[in-house]
Structure formats: C-alpha cells, structure tokens
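Please walk through this structure with the model open beside the text. The paragraphs below take up one region after another.

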Amino acid sequence: MNTLKLNCIIVDDEPMALNLVESYVEKTPFLNLKKKCSSAIEALEFVNSESVDLLFLDIQMPDLSGLEFSKMLPKETRVIFTTAFDEYALEGFKVEAIDYLLKPFDYAEFLTATNKAKAWFDLVKGNNSKASNAVSEEKEFLFVKSEYKQLRIKLADVLYFEGLKDYIKIWLKDNPKAVLTIMSLKSLEEELHKTDFMRVHRSFIVSLKNIEVVERSQIIINNQRITVSEQYKPKFLEYINQNSLNN
C-alpha cells in the first residue's frame, strides 16, 4: 500500500527552532523535508520553483512575516504555524492554517498537527479511498468525513451544498447547523444526479426538488436566498421552462 508523503519545508529565523522541527520531521514517516529556510523571502523563492505540500511557518520574522507570506502561497500548499505568541492564533485560522503550534511544543503536539495535515491531503488527493468522500453507487446517500467521523448523508435530505474553497457546507432538512467537510464542488457535481441537483452559482449546488420559490434571479430554499449567476442561468431557466405548467 502506497503511503502519501508530504513534501514540507520549515521556515524560522531561529536556528534552534529550525533544528527542533527538523528532528520532529525526520521521525515522522509521512513527512519529507525538502528545505530549511531562515526567512520567508528565502522560502518564497523555493515555493515558487518546487512543489511543496506543507509549511511549518514561524510568524514573527524580519522583512516578511509568516502571516504575510502565507497569503502568497499556492492554494494547494497548506500551513502549520509555529510561534511563541498566542495572540496570533485567530489570525492564523483566518488564513485557513491547518493548525497552530505554540512554542515550546513537544513531539506529541507536533504529531497531532501533522496528522491533521495528512488527513486533509488524504481526502483531497484521494490517497485513502475509505477516508475520502464518496457518493454511493446507488446515489441515494454519500459518506463524508466531518470532525474525524464518517457521516452518512441521505441525498433526499440535502437542501443545498455551499462551497468554501476546499470545503463544502452541506445544508440539510431539519438541521440548523451545516455539515462541514473537505471536498470540492466540482468533484461533487460530477457524482450527483443531474435530475436532482443543479449548480446555479460557483458556490452553490441546489436540490431541485427542494426549491420553494424562484424570484427573478434568485432561488429560495428553506428561507435562504441563492442567486443564480449568469454562467448557470440558461441551464436553470431551461429546467424551469421544461417543468412549468404554462408551457
């Protein structure tokens, strides 16, 4: 069985911190250290020329901070922040970091954070078919991983899917809180019944049978207004016309 290895780099202006994280990486089987960098500028040059999955990134550094640098990374490169200052935790999660390690941290804490990264990449890259989201052959339900659990979602209960970068919110009947899972709308769209679900916006796939009202360019489902964008409007209007009693 092939094990997904994550190519990673360590970025920290403190040599002792660099060496400590390096020792942790070397004892973690699914991590492959590509480079150690003493500044974000040095790391930026490397990321622009090499494929990097994961960064262990200090926040407070001269010239270019870790937070500033994280906003320049490719979408597929993820970050675990390492810092001695806990006031940056909220900012770290705003830029969608995988995790946030507060110095000094031990190997157990490091491993917990890197396991989160591995789980994310397993799902996105499809390395582990059991852990990845999969629509059943019957297309009556789908399994999604949410909060370290596999949830069985009945497609008949889905009101709509809302895309948030690499994540999807699944809004269900009689459930005020959405189920959050790692998956792209594009890959989900390819699996769903075309007669039951339709993409109407780059961020929304709706359940056609749960549409309550169509008002101009908006759909109302469960009191939620969803705009039909110009890109998807012709196909949606064709569906409406085909199912209208006024034809």
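Cysteine 37 has a relative accessibility of 0%, and because buried means under 20%, cysteine 37 counts as buried. The model is a predicted one. Cysteine 8 is likewise buried, with a relative accessible area of 0%. A disulfide is a covalent bond between the sulfur atoms of two cysteines. The structure holds zero disulfides.

In soluble globular proteins, nonpolar side chains tend to be buried together. Here the largest nonpolar core has 23 residues, and those that touch the most other members are Leu6, Val25, Leu31, Leu54, Phe56, Ile80 and Phe110. At least two residues of this core come from each of β1 (6-11), α1 (15-26), β3 and α5 (107-125). Helix α5 gives the largest share, six residues. A second core, separate from this one, has 20 residues, including Cys37, Ile59, Leu67 and Leu73.

Leucine 6 shows what surrounds a member of the largest core. If residues up to four places away in sequence are not counted, leucine 6 touches Phe30, Leu31, Asn32, Asp53, Leu54, Ala117, Lys118 and Phe121. Two of the residues named here, Leu31 and Leu54, are also listed among the core members that touch the most others.

Strand β4 is the next element to look at. Why is strand β4 (residues 78-83) largely enclosed by the rest of the structure? Six of its six residues are buried, so the strand is largely enclosed. The side chains of β4 alternate: Arg78, Ile80 and Thr82 point one way, while Val79, Phe81 and Thr83 point the other way, and all are buried.

Strand β4 has strand partners to follow as well. With strand β3 (residues 54-58), β4 pairs in the parallel sense over five bridges. One residue pair in this arrangement is leucine 54 with arginine 78, its bridge partner in β4. Strand β5 (residues 99-102) also runs parallel to β4, and four bridges join the two. There, threonine 83 has leucine 102 of β5 as its bridge partner.

Tyrosine 100 belongs to strand β5. Its relative accessibility is 13%, so tyrosine 100 counts as buried. In sequence, tyrosine 100 and isoleucine 80 are 20 residues apart, while in space their C-alpha atoms are 5.7 Å apart.

A helix can have a buried side and an exposed side, and α2 can be read in these terms. In helix α2 (residues 40-49), the residues Ala40, Ala43, Phe46 and Val47 are buried. Seen down the helix axis, the buried residues of α2 fall within an arc of 120 degrees, so they line one face of the helix. What do these buried residues pack against? Their packing partners are β1, β2 (31-37), β3 and α3 (66-70). On the face of α2 turned away from the buried side are the exposed residues Glu45, Asn48 and Ser49.

Farther along the chain there is a sheet of five strands. This sheet is open, its order is β11-β10-β9-β13-β12, and the pairing is antiparallel. Strands β11 (179-182) and β12 (197-201) stand at the edges with a single partner strand each, so one side of each has no neighbour in the sheet. From one strand to the next, the twist averages 25 degrees. At the β11 edge, four bridges join strand β10 (residues 167-172) to β11, and the two run antiparallel. Tyrosine 167 has isoleucine 182 as its bridge partner in β11.

Another open sheet is made of three strands in the order β14-β15-β16, again with antiparallel pairing. Its edges are β14 (213-215) and β16 (224-227); each has a single partner strand, so one side of each is left without a neighbour in the sheet. The twist in this sheet averages 25 degrees from one strand to the next. Strand β14 pairs with strand β15 (residues 218-221) in the antiparallel sense over three bridges. Within that pairing, the bridge partner of valine 213 in β15 is isoleucine 220.

The last stop is serine 229, in the loop between β16 and α7 (233-242). Is this residue, at 18% relative accessibility, buried or exposed? Buried means under 20% relative accessible area, so serine 229 counts as buried at 18%. Neighbours within four places in sequence aside, serine 229 is in contact with Val200 and His201.

Key:
Residues are numbered from 1 along each chain as its sequence is written. This is a predicted model: local features need pLDDT of at least 70, side-chain atom pairs count only at pLDDT 80 or more; totals for chains, interfaces and linings use all residues. Side-chain values use heavy atoms; hydrogens and water are left out. Buried means under 20% relative accessible area, exposed over 50%, partly exposed in between (1.4 Å probe, protein chains only). Two strands pair if DSSP finds at least two bridges between them. A nonpolar core is a set of buried Ala, Val, Leu, Ile, Met, Phe, Trp, Tyr and Cys residues joined through side-chain atoms within 4.5 Å. Contact means heavy atoms within 4.5 Å. Axes are lines fitted to C-alpha atoms, for helices over the stretch in contact, and angles run from 0 to 180 degrees between N-to-C directions. The arc is that of the directions from the helix axis to the C-beta atoms. A disulfide is a pair of cysteine sulfur atoms within 2.5 Å.
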